Amino acid sequence: VFRDEFDGDNLADHWEVVNPDPDAFIVENGKLLAVAAANSPALSSGEAANLFKLTEPLPKADWVLSASFDVDFQTAAEAPFLGIVEDGKDYMVVQPMAVPCGNWGNRLCFGIEAIKSSGGKITRFEKWLIHEQGFENFVYDEAAAATIPQPVELRIVKKGRTYQPGIAWSTIDESTKKPVRTWVDLEVFTVLRLKGKPAVGVYQKSATPGESAAEVDWVRIQVPEE
């Protein structure tokens, strides 16, 4: 139904940029690169910079919204997201989370979380995929770069009035010893009246002195085969 691979040097006309900061995003080499500055506003504030909203209408029936990201995990606050966003009070997003964990903060945990805000009321699901991965000499950004498979591919699947977020995840097939990429899904949200437009972007979940960057390789909307 829709696919954007960010060809050319500018955003296509079907994108609206909310709270634009032209110095913090660029389209080049077939990707949309966005940067969230230090201590930047969260999505829930309604003031997050460079919220890229798709103006194309969603199909009226069931659909699958997905996007592929390359993410620099370096502050433990990165939140590159895919979702349906109206404003800071009404949105539904799925995003990866990579944090130091363990008793001494010297291990790596990675997973996904999905957040639905309805009139400012938050519901949330999460699932950890890497739990306390240990390193002899732990450095967060080095551990994340060595452990988290890239690209990070996210999706939301609509079936009726339910919406199921998920992430494409690589595991090793024990019989072939080769990587197998499958979808890991979270629990479903139920939305009676969907508000907003498909959106991507990156923000920081907590205050940090460092900046966060993510490249969006493509965004697409598909209709499931009957």
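Leaving aside neighbours within four places in sequence, glutamate 113 is in contact with Val93, Val94, Gln95, Met97, Arg124, Phe125, Glu126, Leu186 and Lys205. Keep in mind that this is a predicted model. Besides glutamate 113, there are two other spots to look at here: helix 1, with its buried residues on one face, and a cavity of about 30 Å³.

**Glutamate 113**
- You'll find glutamate 113 in strand 9.
- Is glutamate 113 buried or exposed? Its relative accessibility is just 3%, so it counts as buried, the cut-off being under 20%.
- Its side chain has a polar contact with the side chain of arginine 124, at 2.6 Å.
- The side chain of glutamine 95 also makes a polar contact with that of glutamate 113, this one at 2.9 Å.

**Helix 1**
- Helix 1 covers residues 140-147, and Tyr140, Ala143 and Ala144 are buried there.
- Look down the helix axis and those buried residues fall within an arc of 100 degrees, so they line one face of helix 1.
- What do they pack against? The buried residues of helix 1 sit against strand 7 (78-85), strand 8 (91-101) and strand 9 (107-118).
- Flip to the face turned away from the buried side and you get the exposed residues Glu142, Ala145 and Ala146.

**The cavity**
- Searching the whole structure turns up one cavity of 30 Å³ or more.
- Its lining is made up of Phe110, Pro149, Pro151, Val152, Ile167, Ala168, Trp169 and Arg181.
- Strand 12 (residues 162-172) supplies the largest share of that lining, with three residues.
- By type, the lining splits into seven nonpolar residues, no polar ones and one charged.

Methods: Residues are numbered from 1 along each chain as its sequence is written. This is a predicted model: local features need pLDDT of at least 70, side-chain atom pairs count only at pLDDT 80 or more; totals for chains, interfaces and linings use all residues. Side-chain values use heavy atoms; hydrogens and water are left out. Buried means under 20% relative accessible area, exposed over 50%, partly exposed in between (1.4 Å probe, protein chains only). Helices (H or I, at least four residues) and strands (E, at least two) are DSSP runs, numbered from the N terminus. The arc is that of the directions from the helix axis to the C-beta atoms. Contact means heavy atoms within 4.5 Å. A polar contact is a pair of N or O atoms within 3.5 Å; within protein, one must be able to donate a hydrogen and the other to accept it, and residues adjacent in sequence count only if both atoms are side-chain atoms. On a 1 Å grid over the protein atoms alone, a cavity is a set of points where a 1.4 Å probe fits but cannot get out, and a pocket is an open set with protein on both sides within 12 Å along at least five of seven lines; lining residues have an atom within 4 Å of a point. Grid points are joined across faces, edges and corners, and a volume is the space filled by probe spheres set on the points. Ala, Val, Leu, Ile, Met, Phe, Trp, Tyr, Cys and Pro count as nonpolar, Asp, Glu, Lys and Arg as charged, and the others, Gly among them, as polar.
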